[in-house]
Amino acid sequence: MDLVKNHLMYAVREEVEILKEQIRELVEKNSQLERENTLLKTLASPEQLEKFQSRLSPEEPAPESPQAPEAPGGSAV
C-alpha cells in the first residue's frame, strides 16, 4: 500500500512540475504579447486604430454564423 501511495505521489509531483513549467512559459509568452500589443498600439496612427477596431466589430458575430450551418451542412455534405 505504501509503495502504491509513494508511486502515485511521485507521479503527481512530476505532473505538477510539468504544469508549473507550462504556466511559467505561458505567462512569459503572454507578457511578451502584451508588450508587443502595447508597442503596436503606440506606433499605430489613430486612423489605423479606428480601422482595426471597425474590422473587429463586424467579425465578432461571424464565428457564430458558421457554427449554426455546420449541423445542417453536415447532413447535406
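**A helical chain and its one salt bridge**

E21 is partly exposed, with a relative accessible area of 35%. That makes E21 a handy place to start in this predicted model, since this residue takes part in a salt bridge with R24. The closest N and O atoms of the pair sit 3.1 Å apart, which keeps the two inside the 4 Å cut-off for a salt bridge. The partner, R24, comes out at 46% relative accessibility and counts as partly exposed too. Both values fall between the 20% and 50% limits, so neither residue is called buried or exposed. As for where the pair sits, E21 and R24 both belong to helix α1 and are 3 residues apart, so about one helical turn separates them. No other bridge needs describing, as the structure holds 1 salt bridge.

Stepping back to the whole chain, the secondary structure comes to 3 helices and 0 strands. Read from the N terminus, the order of elements is simply α-α-α. Helix α1 spans residues 2-43, helix α2 covers residues 46-59, and helix α3 takes in residues 64-76. What share of the 77 residues is buried? The figure is 0%. The chain exposes about 7400 Å², and 61% of that area is supplied by carbon and sulfur atoms.

Helix α2 has a small detail of its own. S54 is placed in this helix, and a polar atom of the S54 side chain lies 2.7 Å from the backbone oxygen of K51. At 43% relative accessibility, S54 counts as partly exposed, because this value lies between the 20% and 50% limits.

How far the picture can be trusted depends on where one looks. The average pLDDT of the chain is 82, and 74% of the residues score at least 70. Which helix has the highest confidence, and which the lowest? Helix α1, home of the salt bridge pair, has the highest, with a mean of 96. Helix α3 has the lowest, with a mean of 46. Around that last helix, pLDDT stays under 50 over residues 62-77. For this stretch the model also has 0 contacts beyond four places in sequence.

In short, the predicted chain is made of 3 helices, with E21 and R24 bridged in helix α1 and confidence at its lowest in helix α3.

Note on methods: Residues numbered from 1 in each chain as written. Predicted model: local features only at pLDDT ≥ 70, side-chain atom pairs only at ≥ 80, totals over all residues. Heavy atoms only, no water. Helix = DSSP H or I, 4+ residues; strand = E, 2+ residues; numbered from the N terminus. Buried < 20%, exposed > 50% of the residue type's maximum accessible area, 1.4 Å probe, protein only. Areas by Shrake-Rupley, 256 points an atom, 1.4 Å probe, with all protein chains shown as cover. pLDDT = per-residue confidence, 0-100. Contact = heavy atoms within 4.5 Å. Salt bridge = Lys/Arg side-chain N within 4 Å of Asp/Glu carboxyl O. Polar contact = N/O pair within 3.5 Å; in protein donor to acceptor, adjacent residues only side chain to side chain.
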